[in-house]
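Biologist: I would like to go through this protein with you. Please show me the sequence and structure.

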Amino acid sequence: MPRQVWRQAGLASIPIPRQIGHVLVVSFSTAVSASDTGPMLECLDASERERWNRFQSPRVKGEFLAGKAMARRILGLALGLGARDVRFTHNAKGKPELADGPFAFNLSHSHGWALFALTPSGRIGVDIERVRPVTDLMDLARRYFTPVEVDAIGMADSSAQLDLFYRVWTRKEAFIKAHGLGVAYGLDRVAVSTDQEVKPHFARLGEGEDPLAWSLEHLEPAPGYVGALACDTRLADLMLVHCLDWMD
Ligand SMILES: CC(C)(COP(=O)(O)OP(=O)(O)OC[C@H]1O[C@@H](n2cnc3c(N)ncnc32)[C@H](O)[C@@H]1OP(=O)(O)O)[C@@H](O)C(=O)NCCC(=O)NCCS
């Protein structure tokens, strides 16, 4: 498959998707400089600031803060609101959704990098993972993946196994996050394609979900990371943007 092209842009020139089937994915670093911390915290509401205060690990603090600030800034641009005026509700499994406004969005972060996905309507989920060593990779695959997925990983070159493991993982998680039910949905109810040369798709989903009605995309947001995007519409336009500056 051709290498993915991510356009670089500051926040002010980020394209907001306004038509059904149009999706924006923004990739960004979650390393927060001391000078950005104050302005980012200004974007958050009181409960988010409290949550940020409770985190101990600098990495987790950065991921939470950068993710929330970026999500609020982009949603604010989409809705014509200030970042802090964007209001969220959360479903029974904790998925944040807009309290007012038609847009659907989702956020994911892993070890220093994050993805934010936005579309005008429908369900959308995104997942990113830093490709890092997994102890007992095949045991984990057998526990969570379908037999077809396990075989594909088992038959891959040892140098490709880890990357394929994370591709499968992020594809399943992207659907589960779009669905909004959390991992309790069951990773093994979601079967995904594993062929790296062709466009990914869902092979099977849980009851009530038509795999053909869903779009699935493989994402390569930064060296050493893989990701996936799932949405319940036919993807007509996918805009991939690296955001270098969250302020403008
Ligand atoms: C959602 C879930 C799959 C994400 O797992 P993960 O890979 O560790 O995390 P990611 O970085 O990809 O995504 C985290 C982001 O997804 C969003 N999110 C949270 N819950 C979500 C859900 N149920 N579905 C979709 N997205 C969710 C949030 O924006 C979150 O960012 P934040 O923690 O900075 O607020 C996992 O946490 C889960 O299964 N949650 C459900 C837990 C549950 O059942 N809770 C019930 C009581 S609230």
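Biologist: In E11, which residue is the bridge partner of Asp 127?

Modeller: The model is predicted: local features need pLDDT of at least 70, side-chain atom pairs count only at pLDDT 80 or more, and totals for chains, interfaces and linings use all residues. Residues are numbered from 1 along each chain as its sequence is written. Strands E7 (residues 124-130) and E11 (residues 225-231) pair in the antiparallel sense over seven bridges, where pairing needs at least two bridges found by DSSP. In E11, the bridge partner of Asp 127 is Ala 228.

Biologist: How many residues of strand E7 are buried?

Modeller: A residue is buried if 20 or more other C-beta atoms, placed from the backbone, lie within 10 Å of its own. Strand E7 is largely enclosed by the rest of the structure, because the buried residues among its seven number six.

Biologist: Which strand gives the most to the shell around the ligand?

Modeller: A residue is near the ligand if its C-beta atom, placed from the backbone, lies within 6 Å of it, and 18 residues surround the ligand. Helix H3 (58-79), strand E5 (104-110) and helix H6 (158-179) each give two or more; helices (H or I, at least four residues) and strands (E, at least two) are DSSP runs, numbered from the N terminus. With four residues, the strand that gives the most is E5.

Biologist: What share of the 248 residues in the protein chain is buried?

Modeller: The protein chain has six helices and twelve strands. Of its 248 residues, the buried share is 38%.

Conventions:
A residue is buried if 20 or more other C-beta atoms lie within 10 Å of its own, exposed if 12 or fewer, and partly exposed in between; C-beta atoms are placed from the backbone.
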